[in-house]
Amino acid sequence: MATLSDLLDYLITDVDGVFLFSPNSSFYEQVAGNDAETRVVVVAPQNAVEAESYVELPLEFKNVRDRIRFGIEGAMDRGLVAEGDDLACSVAIFDGDPDSVVRVRVDEAMRSGLYDLFTHSRAEPGVIRDVFEVAIELGKKGQKGKPVGALFVVGDAGKVMNKSRPLSYNPFEKSHVHVGDPIVNVMLKEFSRLDGAFIISDSGKIVSAYRYLEPSAEGVDIPKGLGARHMAGGAITRDTNATAIVLSESDGLVRAFKGGQLILEIDPEDY
Ligand SMILES: Nc1ncnc2c1ncn2[C@@H]1O[C@H](COP(=O)(O)OP(=O)(O)OP(=O)(O)O)[C@@H](O)[C@H]1O
Ligand SMILES: [Mn+2]
């Protein structure tokens with residue numbers, strides 16, 4: 001077994017930090033207690049182990065690359081790790097206890113904007129997460145079993161309203177409803193059968209449904225094969241400081257755009 005041990009040794013030799021993804025407390029205490037030299041960072045939906053260095057996961061990214069990337073970008077943002085650091089990340093690729101160690105070198109070039117998407121958007125972090133949850137749920141269930149598409153433009157609503165026009169009466173005109181409220185989620189699902197975009201303010205107020213976006217599509221680089229909904233969603237985030245969260249009717253994926261770029265792509269079936 002010498003070669004297997006060598007391989008495992010290689011993964012953890014001389015690392016500058018250990019990242020534990022959703023550890024239980026006994027595991028966390030063993031690792032953090034054993035070696036005071038190496039920085040231990042916990043990445044999880046909640047800081048249940050009361051770790052000193054902690055990055056909050058807004059979603060349990062099923063894609064392990066996204067999960068690790070989010071944790072590292074968050075740690076870079078708080079100055080917990082620096083360019084060139086070697087990290088050992090303990091993660092569960094299958095559900096349950098940690099089953100893998102991934103060695104990663106921190107590199108500015110690996111910044112994908114994934115952490116910024118949730119934490120440094122114009123809209124409040126909870127609002128972005130709530131809209132993701134609506135889009136994921138809508139993607140999983142569809143409307144009466146049929147796939148639906150939807151476009152949510154979140155943050156910088158005044159500017160977004162100026163770059164769009166109504167397709168129909170606005171059912172949210174006189175209401176003061178916010179995303180995350182269970183009643184609102186039912187309404188959003190119902191109205192998603194119709195055309196256009198939902199516009200949501202920084203604080204999560206639903207400003208309008210049925211908006212036709214008219215951004216200038218110039219200089220937007222979105223993947224080939226995506227149509228008008230994704231193009232409009234991507235482009236509005238270049239023209240404004242909004243974030244767009246798009247559920248595709250045709251491939252069922254949820255995508256997020258910011259600064260005119262595709263930042264995240266997830267399959268609702270995984271959640
Ligand atoms: N500029 C726009 N603003 C708001 N909504 C739009 C805009 N363009 C298209 N849509 C909406 O997107 C719907 C689907 O259009 P299209 O099929 O071209 O987009 P798509 O990107 O391929 O999305 P999907 O993957 O869901 O099919 C349209 O019926 C319309 O409701
Ligand atoms: Mn289409």
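User: Before we start, what counts as a polar contact here?

Analyst: It's a pair of N or O atoms within 3.5 Å, and within protein one of them must be able to donate a hydrogen and the other to accept it. Keep in mind that we're looking at a predicted model. With that rule, and both residues at pLDDT 80 or more, the count between domain 1 and domain 2 is one residue pair.

User: Where do domain 1 and domain 2 sit along the chain, and how many Å separate their centres?

Analyst: The domain assignment puts domain 1 at 4-115 and domain 2 at 121-270. Taken over C-alpha atoms, the distance between the two centres is 31 Å.

User: How much area do domain 1 and domain 2 bury between them?

Analyst: Nine residues of domain 1 touch eight residues of domain 2. Carbon and sulfur atoms carry 68% of the buried area, which comes to about 620 Å².

User: Which classes of residue does domain 1 bring to that contact, and how many salt bridges cross the interface?

Analyst: On the side of domain 1 that touches domain 2, there are four nonpolar, two polar and three charged residues. Side chains of opposite charge can pair when their charged atoms come close. Across this interface, though, the number of salt bridges found by the rule is zero.

User: Which strands does the salt bridge between Arg 105 and Asp 86 link?

Analyst: The structure holds 13 salt bridges. In this one, the side chains of Arg 105 and Asp 86 meet at 3.0 Å, N to O. The two residues are 19 residues apart in the chain, and the strands they sit in are S5 (residues 100-105) for Arg 105 and S4 (residues 86-91) for Asp 86.

Definitions and conventions. Residues numbered from 1 in each chain as written. Chains lettered and ligands numbered in written order. Predicted model: local features only at pLDDT ≥ 70, side-chain atom pairs only at ≥ 80, totals over all residues. Heavy atoms only, no water. Domains from an automatic or database assignment. Contact = heavy atoms within 4.5 Å. Buried area = accessible area lost by both parts, 1.4 Å probe. Salt bridge = Lys/Arg side-chain N within 4 Å of Asp/Glu carboxyl O. Polar contact = N/O pair within 3.5 Å; in protein donor to acceptor, adjacent residues only side chain to side chain. Nonpolar A, V, L, I, M, F, W, Y, C, P; charged D, E, K, R; others polar. Helix = DSSP H or I, 4+ residues; strand = E, 2+ residues; numbered from the N terminus.
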